Amino acid sequence: MRGYFAVGAEGLSKKINLGGLMRSAHAFGANFFFTVDAAKALGRSPASDTSKSPGHLPLFSWPSVDDMDLPRGCQLVGVELTEDAIDLPSFGHPLQAAYVLGPERGSLSPQMLARCDHVVKIPTKFCINVATAGAIILYDRHRALGRYDDRSLTAGGPAVKRQKHVQGGPISRTGRIVPGNGQD
């Protein structure tokens with residue numbers, strides 16, 4: 001999959017949710033994880049993060065929205081159940097993205113929402129657990145940007161196989177001969 005992505009949460013207070021979200025981020029191949037204004041008691045690796053993700057992806061803990069320091073070009077995607085948010089199944093995921101989820105029993109702060117480039121919602125009847133929501137978002141990103149066969153239009157029907165990607169040689173727009181590509 002091209003690009004990179006990060007996962008984070010604002011205002012988390014429960015270790016079990018932090019651990020579950022970190023584990024999902026690690027499982028789906030996140031490049032880093034972050035918290036914003038998280039409870040001081042959370043620690044770095046809760047027992048619910050059985051994959052020990054801090055040993056595999058960087059963890060950034062920012063005290064406030066103003067302190068967030070995302071890479072240049074990284075688009076912040078808020079996950080919030082609001083009327084004007086984009087339904088997740090219709091959302092085009094940015095190649096460089098940081099997904100931020102809200103706290104348990106709360107919402108993303110107005111400051112965080114103002115900073116977001118996009119706001120998406122999972123089309124559910126009510127809010128779901130933050131770690132579960134994170135896993136759904138990451139699955140959708142993986143499904144949308146990964147190279148998978150197209151889904152069947154019928155239940156259990158045959159899948160349409162995607163053609164295998166063939167890597168081409170280097171292209172020189174200046175006519176320069178590139179060593180090692182068989183032109184020398």
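The following exchange discusses the fold, cores and surface of a predicted model.

Colleague: How many helices and strands does the secondary structure of the protein comprise?
Modeller: Along the sequence, the elements follow the pattern β-α-β-β-β-β-β-α-β-α. Counted by type, the secondary structure comes to three helices and seven strands.

Colleague: Is β6 largely enclosed or largely open to the surroundings?
Modeller: Strand β6 (96-101) runs parallel to β1, and six bridges join the two. It also pairs with β4 in the parallel sense, over five bridges. Five of the six residues of β6 are buried, so this strand is largely enclosed by the rest of the structure.

Colleague: Which residue of β6 is the bridge partner of Ala 9, and which is that of Gln 75?
Modeller: For Gln 75, the partner in β6 is Ala 97. For Ala 9, the partner in β6 is Leu 101.

Colleague: Which residues have the most contacts inside the largest nonpolar core?
Modeller: This core has 25 residues, and β1 (4-10), α1 (15-27), β4 (75-79), β6 and α3 (130-145) each supply at least two of them. Apart from it lies another core of 16 residues, which includes Ala 6 and Leu 108. In the largest core, the residues with the most contacts are Val 7, Phe 33, Tyr 99, Leu 101 and Ile 137.

Colleague: Leaving aside neighbours within four places in sequence, which residues are in contact with Tyr 99?
Modeller: Tyr 99 is among the residues with the most contacts inside the largest core. Beyond its sequence neighbours, the residues in contact with Tyr 99 are Phe 5, Ala 6, Val 7, Gly 8, Phe 34, Val 77, His 93, Pro 94, Ile 137, Leu 138 and Arg 141.

Colleague: Does Leu 18 count as buried or exposed?
Modeller: Leu 18 is found in helix α1, and its C-alpha atom is separated by 9.5 Å from that of Ala 38, 20 residues apart along the chain. Buried means under 20% relative accessible area. At 2% relative accessibility, Leu 18 therefore counts as buried.

Colleague: Is Phe 126 buried or exposed?
Modeller: Phe 126 lies in the loop between β7 (118-121) and α3. Together with Ile 128 and Ile 136, Phe 126 forms a nonpolar surface patch with about 270 Å² of accessible area. The cut-off for exposure is over 50% relative accessible area. Because its relative accessible area is 59%, Phe 126 is exposed.

Colleague: What percentage of the accessible surface of the protein belongs to carbon and sulfur atoms?
Modeller: Of the 184 residues, 37% count as buried. The accessible surface comes to about 11,300 Å², and the share belonging to carbon and sulfur atoms is 53%.

How values were computed:
Residues numbered from 1 in each chain as written. Predicted model: local features only at pLDDT ≥ 70, side-chain atom pairs only at ≥ 80, totals over all residues. Heavy atoms only, no water. Core = buried A, V, L, I, M, F, W, Y, C linked by side-chain atoms within 4.5 Å. Buried < 20%, exposed > 50% of the residue type's maximum accessible area, 1.4 Å probe, protein only. Helix = DSSP H or I, 4+ residues; strand = E, 2+ residues; numbered from the N terminus. Contact = heavy atoms within 4.5 Å. Patch = residues over 30% accessible without salt bridge, like charges linked within 9 Å, V, L, I, M, F, W, Y side chains within 5 Å. Areas by Shrake-Rupley, 256 points an atom, 1.4 Å probe, with all protein chains shown as cover. Salt bridge = Lys/Arg side-chain N within 4 Å of Asp/Glu carboxyl O. Pairing = 2+ DSSP bridges.
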